[in-house]
Amino acid sequence: MDGTLLIGRSSFPYFALVAFEVGGILRLLFLLLATPLAGLLYYYISESAGIRVLIFATFAGMKVSSIESVARAVLPKFYSSDLHPETWRVFSSCGRKCVLTANPRIMVEASLKEYLGADLVIGTEIATFKGRATGLVASPGILVGKNKADALRKAFGNTAPEIGLGDRKTDFPFMELCKESYVVPSKPEVVPVSLDKLPKPIVFHDGRLVHKLSPLMALLTILWIPVGFILACLRIAAGALLPMPLVYYAFWALGVRVNVKGTPPPPPKKSIGQSGVLFICSHRTLLDPIFLSTALGRPIPAVTYSLSRLSEIISPIKTVRLSRDRIKDANMIKKLLEEGDLVICPEGTTCREPFLLRFSSLFAELTDQLVPVAMSNRMSMFHGTTARGWKGMDPFYFFMNPSPAYEVTFLNKLPEDLTCSAGKSSHDVANYIQRMIAATLSYECTNFTRKDKYRALAGNDGTVVDKPKTKLAAKKVMGC
């Protein structure tokens, strides 16, 4: 993999991703402290010994299920973003494809098979005990040199593969078993394969880190997290405690950029019985309704499907939980619109990539006062969403970025002749608004749903189980 199928010759960034996503900052620190020893052994003593140190520092004590979860939900995005164009041209044109790697098989197999079209993955096997990795390596050890050649013989028998690709001397033993062998030269300046050329698009991915971590970036990330957390608390406090007209300026003073485009509608005039408008937003993070309110300079209640209790507490706007009962939800939304404006994200969950998930059509049946809003954001260090982790930390991770940014684009209010009152079906209205927002953001429309996302990333259908309310909670309209 490293240096052949991938441009990068170091596997440290991927071990660092697993360390951080499963073990947090302390595990990442442990891996970073072990890296000088791993490098010394790798380059001057034994390639195998250096990799053993990385495996131990990363995996020791981890649940095997957690490693598999990160390998399935986090790593494919990063592996797919570093494909060597020349290797990929040869690899993708072959019929049966096999990858031999010194990396732990558990870490790479999901990415290679599901997204890159590999038929067979042969890698280093880690030792486990009662569902946890011991940090040691199972027989026959690290797959380098002779071990790679032996693994290839075992997999193919007397049949010689047509083409063998490698990038270092320890690859020569297995390359000699192939009919044709080619060495991939080290060219760090090579441009990776664009993601649109992959056999399967990566619509969903998880994990907190935006970029791969080199040892230097890992050190900077570890040093930044305590500072970033304090900064995030200040930013959240400003949003929660200050009047909404002042939040926009407070965010700018604290390094959060909010760019507003388009012309938002004025507040409804309750004195003449005017009902509120329903803002239809694309969904990037759970902070979308808050940044919409920031752009408008007034709090807009939000209808939510899934929100943690901590996020409820620190939210500066009213959040109302959907019950997933269509009739009950419809009546609730109608009542809220009588009181004023309302915001809803009909995708039902967030999506990080330039795709829009299928829009629920319920909102189109309830009002003709529809204003589409295209939301986009920028994060340089941490993602403000998760499918596998604790959602209560989502706003903190977003605001821990040095200078996060949101762009709120108000589109024109939907003409009456394109609403349900003019005879259009609710599905037609929802699909039309989805296309409008996608065209504004240069995104692609999909039919994927919340269930598709959670099945891909978390192994469940994303259903939120209702928790019994306490007497205190029963007195408040709260979202989950």
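## Exercises on a predicted model

Helix α11 is followed by G297, whose phi is positive, near 80 degrees; helices (H or I, at least four residues) and strands (E, at least two) are DSSP runs, numbered from the N terminus. This is a predicted model, in which local features need pLDDT of at least 70, side-chain atom pairs count only at pLDDT 80 or more, and totals for chains, interfaces and linings use all residues. Residues are numbered from 1 along each chain as its sequence is written, and side-chain values use heavy atoms, with hydrogens and water left out.

### Exercise 1. Helix α11

Determine which residues of α11 are buried, and state how the helix sits in the rest of the structure.

Solution.
1. The criterion is relative accessible area: buried means under 20%, exposed over 50%, and partly exposed in between (1.4 Å probe, protein chains only).
2. The buried residues of α11 are D288, P289, I290, F291, L292, S293, T294, A295 and L296.
3. Nine of the nine residues are thus buried, so α11 is largely enclosed by the rest of the structure.

### Exercise 2. The two sides of α7

Determine which residues of helix α7 (residues 146-156) are buried, how they are arranged about the axis, and what covers them.

Solution.
1. K148, A149, A151, L152 and F156 are the buried residues in α7.
2. Viewed down the axis of α7, these buried residues fall within an arc of 160 degrees, so they line one face of the helix; the arc is that of the directions from the helix axis to the C-beta atoms.
3. On the face turned away from the buried side, α7 carries the exposed residues K146 and K154.
4. The cover over the buried residues of α7 includes β1 (98-104), β2 (120-124) and α8, where contact means heavy atoms within 4.5 Å.
5. Just after α7, G157 takes a positive phi of about 65 degrees.

### Exercise 3. Salt bridges

State how many salt bridges a search of the whole structure finds, and analyse the pairs D167 and R9, E109 and K113, and R298 and D341.

Solution.
1. Side chains of opposite charge can pair when their charged atoms come close.
2. A salt bridge is a side-chain nitrogen of Lys or Arg within 4 Å of a carboxyl oxygen of Asp or Glu; the search of the whole structure finds 20.
3. D167 and R9 meet through their side chains in a salt bridge (2.7 Å, N to O). This pair links distant parts of the chain, with D167 in the loop between β5 and α8 and R9 in the segment before α1, 158 residues apart. D167 is buried at 10% relative accessibility, whereas R9 is partly exposed at 39%.
4. E109 and K113 form a salt bridge whose closest N and O atoms are 3.1 Å apart. Because they are four residues apart in helix α6 (residues 105-114), about one helical turn separates E109 from K113. A network of salt bridges links R105, E109, K113 and E125.
5. In the salt bridge of R298 with D341, the closest N and O atoms are 2.8 Å apart. R298 lies in the loop between α11 (288-296) and β9 (302-304) and D341 in the loop between α13 (326-339) and β11 (342-344), so the pair ties together parts that are 43 residues apart in sequence. R298 is buried, with a relative accessible area of 16%, and D341 is buried at 5%.

### Exercise 4. The surroundings of R168

Locate R168, classify its accessibility, and list its contacts.

Solution.
1. R168 is found in the loop between β5 (163-166) and α8 (172-175).
2. With a relative accessible area of 14%, R168 is buried.
3. The side chain of R168 reaches the backbone oxygen of D2 at 2.9 Å. The criterion for such a polar contact is a pair of N or O atoms within 3.5 Å; within protein, one must be able to donate a hydrogen and the other to accept it, and residues adjacent in sequence count only if both atoms are side-chain atoms.
4. Not counting residues up to four places away in sequence, R168 touches D2, G3, R9, Y42 and E47.

### Exercise 5. The loop residue T446

Locate T446 and identify its contacts.

Solution.
1. T446 lies in the loop between β15 (444-445) and α16 (450-457).
2. At 11% relative accessibility, T446 counts as buried.
3. Leaving aside neighbours within four places in sequence, T446 is in contact with F355, L356, L357, R358 and Q434.
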